Every structure is written in C-alpha cells, then in structure tokens.
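Student: Could you walk me through this protein model with a few questions and answers?

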Amino acid sequence: MSGLFIDGKWRSGEGPELVSTDPATGEAVWRGATASQADVALAVQAARRAFRGWADRPRDERIAILRRYKDILVERTAAYAEALSRETGKALWETKAELGSMAGKVDLSIKAYDERTGVTENAMPFGRAVLRHRAHGVMAVLGPFNFPGHLPNGHIVPALLAGDTVVFKPSEETPLAGQLMVEALEAAGVPAGVVNLVQGGREAGQALIDQEIDGLLFTGSAAAGAFFRRHFADRPDVILALELGGNNPLVVWDVDDAEAVAALVVQSAYITTGQRCSCARRLIVPDDAFGKAVIEATTALADRLTVGPWNGEGEPFMGPLISARAAKAARATAEAMPGDKIRALGSVSGLGEAFVTPGLVDVTGADIPDEELFAPWLQVRRVASFDDALKAANATRYGLSAGLISNESTRWEAFLSHIRAGVVNWNRPTTGAAGSMPFGGLGASGNHRPSAYYAADYCAYPVASFEAEAVTDTLKDIKGLRP
C-alpha cells in the first residue's frame, strides 16, 4: 500500500523515498515515497473541501464512526503493537499499553467535548442565551516518534469529534505507525478528505505549515515549538496547540526508604529509554547520608534493568533509542557534561548502536545547560534545605512535569503551591498522567493549551448567542428617544 492517503485514496508521493528502520536491528520496516509540496497542497485542499460536510454531519454520526475506529484499534492491537515495537524499538508491553490508550481516547474525548465544549442554554427575559462550539476547519497534525500512535491520536480524535478535518504528517522516524492509524480510520468509515496522510521529513512539514490551515496541533521539541510560534506570529487566525518537552525535576525529601525512592526514580527517569517528555531529568536530594543512600540505591537498581530488543529473550524494561544517530548524539552530550559520572550513558554489549545503558551524573555545584536530553540520563543535584530544593526545581525555562517524593504532607502542600509545572505528582513517577485530566506545561514546555482531556478546548471555538423566537417591540428599551 502506498504511503499517502489523500481525499480517500492511497497513493504514492512525488518526493524522495523515506525508509523507516528497526532501531534494534537496522532492518527496514517501511519504505515509500514522501509527499512533495504539490502532494501536501492537494491534501489540504481535500481537507478544505470535506470540512463543511463533516462539520455539518450530525454529531451522533461522527461519534459512531469514531467508536467503530475504537473497535478496530482493539481488534488490531496485537499486529499494531508489534509494528510499533519494530519501528520504535519499544518493549511490547509498552506498545500494547499505547494501543489501549489510543482506544480509550475515544470515549474520554466524547465526554470531554460534552463537558468543555458542548451546548449550554440559559433562559433570559427576552428568550435565551446559548453557548455553542464550532469547528475551526483544517487541522495540521504533526506527530512525534516516541508515542507515534497515542500522541497524534490525542489530537486527531478530539478534532474529528469537533467537526474539524485533518492533514496528518507522522514523524519521519515512524511513518508506519501513522499509516496504520489512518488505515484504521479509513476502515471505520471516515469520509474521503476528512483525514489525509502525508509522509516526509522537515520539507513536508514546512510545506504543510505554509498552507492555508486553521490550526497546528504539535507534539515535539521546544526548539520546534519556538519555530512554530515565530512562523505563525502574523497569522493569529491559526490556532496553535504545542505540547513540548521538559527538563523535569524530581525532589526527594523527608522519607526514609531509599530503595522505595529508587523505584520511583527509575520509573520516572528511564522508562521508554528516557524518551518521554515527562521523564525526570533532574533528581534533587538532600546533601546528607540519606541523599547519598538514594543515589546508591538508584544506581544499584539501574544496574538490574534489562535493556534489550522487544522480541528478545525475556521482557526488557527498555529498548533502544529511536536511532543509532540519536544514541551517538546523546552519548556525546552526556560525556561532555561536567560532574561526577556515576553511570555512563554507555553502549550495550552484543546489541546495536542505538542501545544505551541508563546513565547518572552528580552535577552538584556545576553549571549545566537548561536543556532536555531525550535519553535515559539523570542529573543529580544535592542541596542543603527544602527551600533550596524548590529553587533548584524551578531553575528551568521549562515547566512540564515535576514530582515530590516525601512522607510529609506539609512538604507536598508547599511543593504544590510553589512548583512551576503543569503536571505535578506526589510519590508517583513524573511520567504518570491520566487521559481524564489535562496534560501540558508552561514556559518552553507549551503555549497554555494543554492536551489530553483539554484537547477539546483547542479543537472548537465558542459561539455565544442571545436568541428570541420572534421579533418583539423593544422600542421601550431605547433610552433618550424623542417623541
């Protein structure tokens, strides 16, 4: 099957060939021609033509199609999850969970639309005041590689429920994941032009944002988000929903079980090989014997983590980074970082170049760039007081997730009141988030349009109306009227 889906038809692109590889083996997983500028323009035109009919379609019909999509995802979970594991290198247990999140997004999005962007009505002396919501139009969705199903699905499902049409470009690292999603939407009966798929890298993405779109829904790096803000600075008609990265802190204070703390640290920092925007990047501990014990327990637990391919013997905790290129860049950044290297971001004996070991560095007293390293690399900083821990936690231009590990509720209250982040957890991994709640951050981590449950907010705009069933004489309401 060709890799582009435009106006209800699968076709080959006119751009250069793209090859997606299994990061564990280097074997080709998907190959196909990418979208040219002309292909992208055709996709946007198709979405524009389909918009009015889709937006005017009874909402119950849109819901029925998306519920069929949910059923298809459930039916295809095994094959889809295996494809995700091959393309991303993630463990099969994790890609199966990703498919579960994708299917669960449908009912959550229906509920969110009703609660946040549905219709409300209040009686008025002259008739009624009614709040409705209308779809924006054509939404461009740019997907990431780390959750190539779940994260774009989290934009696309709410957009379709609201009545928007979509042009979706997956990450060039994960074109197969995007194709499988669109195949499921096609099988569910989404009409021609409502969802369009274009494949490619930076050139295809640039061609898409240069089109007359009505919104850009993006998950990815802070650098890309900053570029999009500049690009659309003179186009206030285009709604931007930017879910970006984080340099996320995890603070440990007033707790006495170092091994229990280490389990939360490892799950925060190293899950998905550190390729979650909500992963803990900075561990802040007291500069005392217990802080040292936490570092030692975390190091010992990291030594026990299984790193391996998704289909190897035994179940791995984490697989490779997305590519050998990404692993090489991450190692270079980690090696250049000042501090005491407790665990290197090293290679894994007998496995490919994309595999890395979880790393740990003590950067106490060092001046470290405020950047997100998308890898299993954790910086430890020891501080003298809880106030110092809060200051260190907030010493970032990002503001996505943060966590506190503490047995003292007063510490939690202070942390919750003063930490600057959109996802703040207590005695749980920083990566924990519920689809029934908003997900997003401040500063360089987003643009105040959180996704997940609040995606409904950026997929439709409010229309407020005063309404009366018939014309009545309001002459008496005009003040200062001469006879």
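Here is a short conversation about its cores, a sheet, some cysteines and one loop residue.

Student: Before we start, what kind of model is this?
Tutor: Residues are numbered from 1 along each chain as its sequence is written, and side-chain values use heavy atoms, with hydrogens and water left out. Local features need pLDDT of at least 70, side-chain atom pairs count only at pLDDT 80 or more, totals for chains, interfaces and linings use all residues, and the model itself is predicted.

Student: Okay, which helix gives the most to the largest nonpolar core?
Tutor: A nonpolar core is a set of buried Ala, Val, Leu, Ile, Met, Phe, Trp, Tyr and Cys residues joined through side-chain atoms within 4.5 Å; buried means under 20% relative accessible area, exposed over 50%, partly exposed in between (1.4 Å probe, protein chains only). The largest one has 51 residues, and Tyr 69, Leu 160 and Leu 185 have the most contacts inside it. Helices (H or I, at least four residues) and strands (E, at least two) are DSSP runs numbered from the N terminus. With eight residues in this core, the top giver is helix H6 (residues 175-188).

Student: How many residues are in the other core?
Tutor: That core lies apart from the largest one, and its members include Val 252, Ala 258, Cys 279 and Phe 355. Its residue count is 32.

Student: What is the strand order in the open sheet of seven strands?
Tutor: Two strands pair if DSSP finds at least two bridges between them. The edge strands, E14 (340-343) and E18 (423-426), each pair on one side only. The pairing is mixed, and the order is E14-E15-E16-E13-E12-E17-E18.

Student: Which residue in E17 is the bridge partner of Leu 250?
Tutor: E12 and E17 pair in the parallel sense over three bridges. On the E18 side, strand E17 (residues 401-405) also pairs in the parallel sense, over four bridges, with Asn 425 as the bridge partner of Gly 403. Back in E17, the partner of Leu 250 is Gly 403.

Student: Is E17 enclosed or open, and how many of its residues are buried?
Tutor: In a regular strand the side chains alternate between the two faces of the sheet. Here Ser 401, Gly 403 and Ile 405 point one way, while Ala 402 and Leu 404 point the other way. E17 is largely enclosed by the rest of the structure, because the buried residues number five of the five.

Student: Why is Cys 279 not bonded to Cys 277?
Tutor: A disulfide is a covalent bond between the sulfur atoms of two cysteines. The cut-off used here is a pair of cysteine sulfur atoms within 2.5 Å, and the count comes to zero disulfides. Cys 277 is buried at 12% relative accessibility, and Cys 279 is buried at 0%. The closest cysteine sulfur to that of Cys 279 is in Cys 277, and there is no bond because the distance is too far, at 8.3 Å.

Student: Last one: how far is the side chain of Asn 447 from the backbone nitrogen of Leu 242?
Tutor: Asn 447 sits in the loop between strand E19 (438-439) and strand E20 (451-452), yet Asn 447 is buried, with a relative accessible area of 16%. A polar atom of its side chain lies 2.8 Å from the backbone oxygen of Leu 240. The side chain of Asn 447 also reaches the backbone nitrogen of Leu 242, at 3.0 Å.

Terms used. Polar contact = N/O pair within 3.5 Å; in protein donor to acceptor, adjacent residues only side chain to side chain.
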